[in-house]
Amino acid sequence: MKAFNHTNAKTLAEAKTALAGGKSTIIAGGTDLIGTLKDNILPTYPASLINIKTIPGLDYIKEEAGVLKIGAATRLADIAANPAVNQKYTALAQAALRVGTPHVRDMGTIGGNIAQLHR
């Protein structure tokens with residue numbers, strides 16, 4: 001794996017600024033990204049990783065006006081265990097429970113799994 005810088009963003013604005021140069025990528029759980037970096041399969045290797053898991057408020061599950069809202073940094077394990085998701089959005093809870101291993105679900109986020117690089 002090549003060397004890279006790592007920044008813990010504290011706000012969305014800070015993350016956006018860090019990404020502006022186009023040589024950085026976002027990390028939260030890192031369950032897919034770290035493997036991708038180790039395998040050196042990205043067309044362009046990032047100079048730095050911007051951690052968004054350190055930004056408060058990106059890990060939530062809430063229902064508003066009958067719409068389920070899940071933050072990008074919400075862990076898959078939290079989605080699978082959430083009572084509201086289990087009761088009203090059973091297929092989502094079951095899908096989150098079947099991703100990877102328990103350790104992957106404890107670290108992996110919904111945003112990372114949606115944006116994951118398919119090999």
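Is Arg75 buried, partly exposed or exposed? In this predicted model, Arg75 is partly exposed, its relative accessible area being 25%. The legends below present close-up views of the salt bridges and of the largest pocket.

**View A. Arg75 and Asp78 are joined by a salt bridge.** The N to O distance between the two side chains is 2.8 Å. Asp78 has a relative accessible area of 33% and Arg75 one of 25%. Because buried means under 20% and exposed over 50%, these values place Arg75 and Asp78 in the partly exposed class.

**View B. Arg75 also meets Asp106 in a salt bridge.** Here the N to O distance is 4.0 Å. The pair connects distant parts of the chain, with the two positions 31 residues apart in numbering. Arg75 belongs to the loop between strand S5 (67–70) and helix H3 (76–81), whereas Asp106 lies in helix H6 (residues 102–107). Asp106 has a relative accessibility of 39% and therefore counts as partly exposed.

**View C. A salt-bridge network joins Lys62, Glu64 and Lys69.** The three residues form one network through salt bridges that share partners. The structure as a whole holds 5 salt bridges.

**View D. Glu63 of strand S4 pairs with Lys88 of helix H4.** The two residues form a salt bridge in which the closest N and O atoms are 3.1 Å apart. This contact, too, links distant parts of the chain: strand S4 spans residues 61–64, helix H4 spans residues 83–88, and the partners are 25 residues apart. Glu63 is partly exposed at 32% relative accessibility, while Lys88 is exposed, with a relative accessible area of 55%.

**View E. The largest pocket has a lining of 31 residues.** The space within this pocket amounts to about 590 Å³. Thr25, Ile26, Leu33, Ala115 and Gln116 are the lining residues that lie nearest the centre of the pocket.

**View F. Strand S2 and helices H2 and H7 contribute to the lining of the largest pocket.** Strand S2 (24–27), helix H2 (33–39) and helix H7 (110–114) each provide at least two lining residues. The greatest contribution comes from S2, which supplies 4 residues. By residue class, the lining of the largest pocket comprises 15 nonpolar, 14 polar and 2 charged residues.

How values were computed
Residues are numbered from 1 along each chain as its sequence is written. This is a predicted model: local features need pLDDT of at least 70, side-chain atom pairs count only at pLDDT 80 or more; totals for chains, interfaces and linings use all residues. Side-chain values use heavy atoms; hydrogens and water are left out. On a 1 Å grid over the protein atoms alone, a cavity is a set of points where a 1.4 Å probe fits but cannot get out, and a pocket is an open set with protein on both sides within 12 Å along at least five of seven lines; lining residues have an atom within 4 Å of a point. Grid points are joined across faces, edges and corners, and a volume is the space filled by probe spheres set on the points. Ala, Val, Leu, Ile, Met, Phe, Trp, Tyr, Cys and Pro count as nonpolar, Asp, Glu, Lys and Arg as charged, and the others, Gly among them, as polar. Buried means under 20% relative accessible area, exposed over 50%, partly exposed in between (1.4 Å probe, protein chains only).
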